[in-house]
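Colleague: Before I plan around this complex, could you take me through how the protein meets the DNA, and then through one piece of the fold?

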2 protein chains.
Amino acid sequence: MIRVAIVDDHQLFAETLAMGLSTIPDIDVAATFGDGAELLDHLDELSVEVLVMDLEMPGLSGMEVLESAKTLPPTLIVTMHSSEDQRRQATDAGAAGFLPKASPLVDVAAAIRALAQGATLPQDTTLSEVLEAHASPVLDPRAAALTSRERELLVCLAEGTTSTADLAHQLYISEKTVKNHLASIFDKLEVADRAQAALEAIKLGVAPRS
Amino acid sequence: MIRVAIVDDHQLFAETLAMGLSTIPDIDVAATFGDGAELLDHLDELSVEVLVMDLEMPGLSGMEVLESAKTLPPTLIVTMHSSEDQRRQATDAGAAGFLPKASPLVDVAAAIRALAQGATLPQDTTLSEVLEAHASPVLDPRAAALTSRERELLVCLAEGTTSTADLAHQLYISEKTVKNHLASIFDKLEVADRAQAALEAIKLGVAPRS
DNA sequence: ACGCAAATAGGCCGCAAGGCCTATGGTAAC
DNA sequence: GTTACCATAGGCCTTGCGGCCTATTTGCGT
């Protein structure tokens, strides 16, 4: 779980980005702030691993935060007007990555993973390679232990197919096999029943959030 | 379920706004588009009830869309630089509402509900009253039939407390009562067991999405 | 060639879950 | 003051779930 803080003066953007990132199973949004001053007031208490910040902000701007604070976590700049100048300025000031707000969410997630591992984002054409290398979420060890068939079953479960008979029909296997798979799922996810398994599958990103 | 389309050239914003709005139980995001031309190409097929659009866009801007298209659904403008001029221009061109991107998500949701009912957002101080009037989601009739105690039980369920005994302890009631509540929940939500009830509770917004 | 894990399938058993019924005290509506 | 609904609680019964075994076939790695 990578702990992230978001700093952006547009509340709607900050809020929805927080929600979007929260749905990614290996990213946890610890807090969101409206400007740099707020951030610096609370950063110590939060043990944040990666910072996601806008440059344009009222009060303390992102640029000023980068320049003033010495001990920031690796910081990803996500900004609207991404000129070459800004980019250079920001990286000179200590930003570990720089993405335009036109990027898709998966790229932001990939960038966060890269920064969490101590990497910095290149500004040249190798950027897309770095992002692709970190494209897939780091699965929880419990979820990683699941076999492909167990994952299929979990998806059905999380979509509301809960009875043994229905699961058997939907997967073209016998009821006995369904129960076997379920038993090993319960074991691996450390849960007691179908209900908990379905909820856990969604939390871990194994099944989609409808 | 209010069907909404989002138009914004900043993919990250459009994507996360779509996710954020999707988590609101009475709002359904039918599609997102990157500029006005894309929107106009597909709008007919989608039967969208409310449009959420940025003004600043490459290609066909929001302003141009408002002026060119005659038969748009009620349109909410969500923009970054909200000057009085822009606001007047947009409403003159047919926008039914205007909010800055600094607004919280709940306000956007409230505005969408207002527009879906045919209202237009006022620009004066009565705006907050209108938003407050539409602040709470229009609950699914099935969820609306639940009693307060049944909702409490569903929240526990959706958070992973699935056994009768645990539920009884957590709510300070007997196991028998838990089963009674569950039975009426199954009846009202039209589900068969605890697993489906937990999933449905999250879908309907009765229980939080952790 | 061998071993290991996954996917399939079955048997057996005990307990919990879900269906269906009655009942009582409290409270809000009319 | 009567009606209606909610929250509480219990009994009874059947089915299905989950726990614990064994077993066969397939495929992958070495």
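The exchange below turns first to DNA strand C and then to a part of chain B.

Colleague: Which element gives the largest share of the surface near DNA strand C?

Modeller: This is a predicted model, and what follows should be read as such. A base nitrogen of DNA strand C is 2.6 Å from an N or O atom in the side chain of N180(A), while a phosphate oxygen of the strand lies 2.8 Å from a polar side-chain atom of H181(A). The elements that give two or more residues to this surface are α8 (148-158) and α10 (175-189) of chain A, together with α10 (175-189) of chain B. The largest share, four residues, comes from α10(A).

Colleague: How many of the residues of the surface near DNA strand C are charged?

Modeller: There are 15 residues around the strand, and T147(A), S174(A), N180(A), T164(B) and R194(B) come nearest. Of the strand's atoms within 4 Å of the protein, 66% belong to sugar or phosphate, with the rest in bases. The surface residues divide into two nonpolar and eight polar, and the charged ones number five.

Colleague: In chain B, which residue of β2(B) is the bridge partner of I2(B)?

Modeller: Strand β1 (residues 2-7) and strand β2 (residues 27-33) of chain B run parallel and are joined by six bridges. Together with helix α1 (residues 11-22) of chain B, these strands make a right-handed β-α-β unit. Within β2(B), the bridge partner of I2(B) is I27(B).

Note on methods: Residues are numbered from 1 along each chain as its sequence is written. Chains are lettered from A and ligands numbered from 1 in the order in which they are written. This is a predicted model: local features need pLDDT of at least 70, side-chain atom pairs count only at pLDDT 80 or more; totals for chains, interfaces and linings use all residues. Side-chain values use heavy atoms; hydrogens and water are left out. Two strands pair if DSSP finds at least two bridges between them. A crossover is right-handed if, with the strands pointing away from the viewer, the path from the first strand over the helix to the second runs clockwise. A residue is near a molecule or strand if one of its heavy atoms lies within 4 Å of it. A polar contact is a pair of N or O atoms within 3.5 Å; within protein, one must be able to donate a hydrogen and the other to accept it, and residues adjacent in sequence count only if both atoms are side-chain atoms. Ala, Val, Leu, Ile, Met, Phe, Trp, Tyr, Cys and Pro count as nonpolar, Asp, Glu, Lys and Arg as charged, and the others, Gly among them, as polar.
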